[in-house]
Amino acid sequence: RIAAAGSLRQLDPKVAASRQLDLFVYGLADAEALGIASHSEALDYLQALGFKVNPERRRCANIDEVIAFVSEWHDKRPQLPYEIDGIVIKVDSFAQQRALGATAKSPRWAIAYKFPAEEVVTTLIGIEVNVGRTGVVTPTAILEPVRVAGTTVQRATLHNEDFIREKDIRIGDAVIIKKAGDIIPEVVGVVVDRRDGDETPFAMPTHCPECESELVRLEGEVALRCLNPNCPAQLRERLIHFASRAAMNIEGLGEKVVTQLFNAGLVRDVADLYCLTKEQLVGLERMGEKSAANLLAAIEASKQNSLERLLFGLGIRYVGAKAAQLLAEHFETMERLERATKEELMAVPEIGEKMADAITAFFAQPEATELLQELRAYGVNMAYKGPKRSAEAPADSAFAGKTVVLTGKLASMSRNEAKEQIERLGGRVTGSVSRSTDLVIAGEDAGSKLEKAQQLGIEIWDEPRFLQEINRGKR
Ligand SMILES: [Zn+2]
């Protein structure tokens, strides 16, 4: 829906046309004024006028017919030339619709039936084992590519060893795959009847696939870990995390580039990023003069980040973006945080004992002290710069510290609700556009403020872009 709305609002109609949007018209406002008495008649009328109306619609006489329709489409769903996740069932008569009325959120005369997540069967070719930045080793299913809920799936998480054992998943098995929440592929189970005896049970490795250290299962944990602090897989994953959007937000330094830098021996820890040279970068695959210069500029700019980004980027155990924000606000400098005792840490709202222990343990390591000294020497900022934000504002909020102007009419919420959302995410809403405005949210019929923003070259978002950002904040 957001993709469609965004496409329609493209300023260049050629771009909008290139998206090849299509639609089924599904309702007619004020049909009764035309003497039409029911939804089905309204759709027939629209069709007669030449609008596209869904040809599969059906008027059912009773609930049994509705149930039969739903189960018919449950089976025929894959034959449709587009994806559906359910069927909308509506009361046909407008008079009855009026009598039923609506709740605050939705009409009482219409409901969406959601199909259960689509499940498909494919072959488990193998199980790959990966090491994360904290040393946790996770198994991933490598699958015979299969189409499920709109995309081709080749990999699915297997969580941990216990999961594989509980479901008795063996290499070569026919496995049932679905997408959790229609997004993340997941192995549901095994089709045991299809076994022919050639399947091999899987055992987690006893040693790290990257550094060959013995893997350990810590007490009370399901996961196996590589405890080697110099494990290449962990170092690489830590660099990726450090550069990520929610942490130091270094544009152009994604997983692929980090892996290249690491494999070329150019970086080993995060401090090494700050002494990279253009000559070193230009030698890398798909890295020209211009992208090398851009990457160096992005790395340089990251030195000015406020403390919470660095803190989150260091990857201290249990310290997520939100905790990093709270700690940065409270202690204001890295030095003060380094010196903080467990009691002082626990005095910060929402910082519990487990996290306090992890933080003191982190700073007690000589390697951590050394790393921070190096970063300081490179000029990386170690102080909190942000305004005092609300406690919920995530560190990676796009509105953090920004001055935002709302203009035009938003379809999904009132001006006040929009203001609240922006403030919740650390932004400030003002009434007029000026050079100090960072961002303009433009709804329907936006007028002079939008024009002024365009003249001043201020970033402008439409409603779908705005919704995407506030919903991201909610997850
Ligand atoms: Zn390792």
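Donors are N, O and S atoms within 2.8 Å of the metal (3.2 Å for Na, K and Ca); water is not among the atoms, so sites may look incomplete. The model is predicted: local features need pLDDT of at least 70, side-chain atom pairs count only at pLDDT 80 or more, and totals for chains, interfaces and linings use all residues. Residues are numbered from 1 along each chain as its sequence is written, and side-chain values use heavy atoms, leaving out hydrogens and water.

**View 1. The zinc ion and its cysteine donors.** Cys-208, Cys-211, Cys-226 and Cys-231 are the protein donors, each through SG. They lie 2.2 to 2.4 Å from the zinc ion. Along the chain, their spacing is C-x2-C-x14-C-x4-C. Cys-226 is buried, with 1% relative accessibility; Cys-231 is buried too, at 0%. Buried means under 20% relative accessible area (1.4 Å probe, protein chains only).

**View 2. An open sheet of four strands.** The strand order is β13-β12-β14-β15, with parallel pairing. Strands are DSSP E runs of at least two residues, helices H or I runs of at least four, both numbered from the N terminus. Two strands pair if DSSP finds at least two bridges between them. β13 (428–430) and β15 (459–461) are the edge strands, each pairing on one side only.

**View 3. Strand β12 beside β13.** β12 covers residues 403–407 and pairs with β13 in the parallel sense over three bridges. Here Val-405 stands opposite Thr-430 of β13.

Terms used. Buried < 20%, exposed > 50% of the residue type's maximum accessible area, 1.4 Å probe, protein only.
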